[in-house]
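Hello,

The structure is below, for your files. My notes on the charged side-chain pairs follow it.

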Amino acid sequence: MSHLTIVANIKAKADKIELVKTELLKLIEVTRAEEGCINYDLHRDNENSAHFMFYETWQTRELWRVHMENQHLADFVAATQGAVDEFTLNEMTVIG
């Protein structure tokens with residue numbers, strides 16, 4: 001079975017960019033230590049500083065779902081409530 005790739009796009013409100021960035025950075029170390037996490041890399045758009053993107057690879061969808069229920073993600077949502085304009089998440093599979 002293929003690994004699960006996640007592409008998560010987060011667009012912060014213009015006046016909340018630094019808050020969102022700070023809270024996203026807090027997720028990295030704890031998530032990388034989770035069972036099943038192969039990579040968890042945060043990117044920022046070179047043309048739009050409010051646009052962040054996580055590129056993640058997980059051993060299985062089940063282990064990613066466990067990640068999604070962890071307290072540090074709930075803490076992120078609470079800390080950034082009202083600060084995010086858009087959030088999209090795509091579950092993907094490598095095909096080539």
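E18 and R44 form a salt bridge through their side chains, with an N to O distance of 3.8 Å. The model is predicted, and the distance falls within the 4 Å cut-off, so the pair counts. This contact joins distant parts of the chain: E18 belongs to helix 1 (residues 17-32) and R44 to strand 2 (residues 37-44), with the two positions 26 residues apart in numbering. E18 is partly exposed, at 49% relative accessibility. That value is not over 50%, so E18 does not reach the exposed class. R44 is partly exposed as well, its relative accessible area being 32%.

A second pair is K26 with E23, whose side chains make a salt bridge at 3.0 Å, N to O. Both residues sit in helix 1, three residues apart, which is about one turn of the helix. Is each partner buried or exposed? K26 is exposed, with 53% relative accessibility, while E23 is buried, with a relative accessible area of 12%. E23 is assigned to the buried class because 12% is under 20%.

R32 and D41 also meet in a salt bridge between side chains, at 3.1 Å from N to O. R32 is partly exposed at 45% relative accessibility, and D41 is partly exposed at 27%.

How many salt bridges are there by this rule? The count is five, and the pairs described above are among them.

Regards

Key
Residues are numbered from 1 along each chain as its sequence is written. This is a predicted model: local features need pLDDT of at least 70, side-chain atom pairs count only at pLDDT 80 or more; totals for chains, interfaces and linings use all residues. Side-chain values use heavy atoms; hydrogens and water are left out. Helices (H or I, at least four residues) and strands (E, at least two) are DSSP runs, numbered from the N terminus. Buried means under 20% relative accessible area, exposed over 50%, partly exposed in between (1.4 Å probe, protein chains only).
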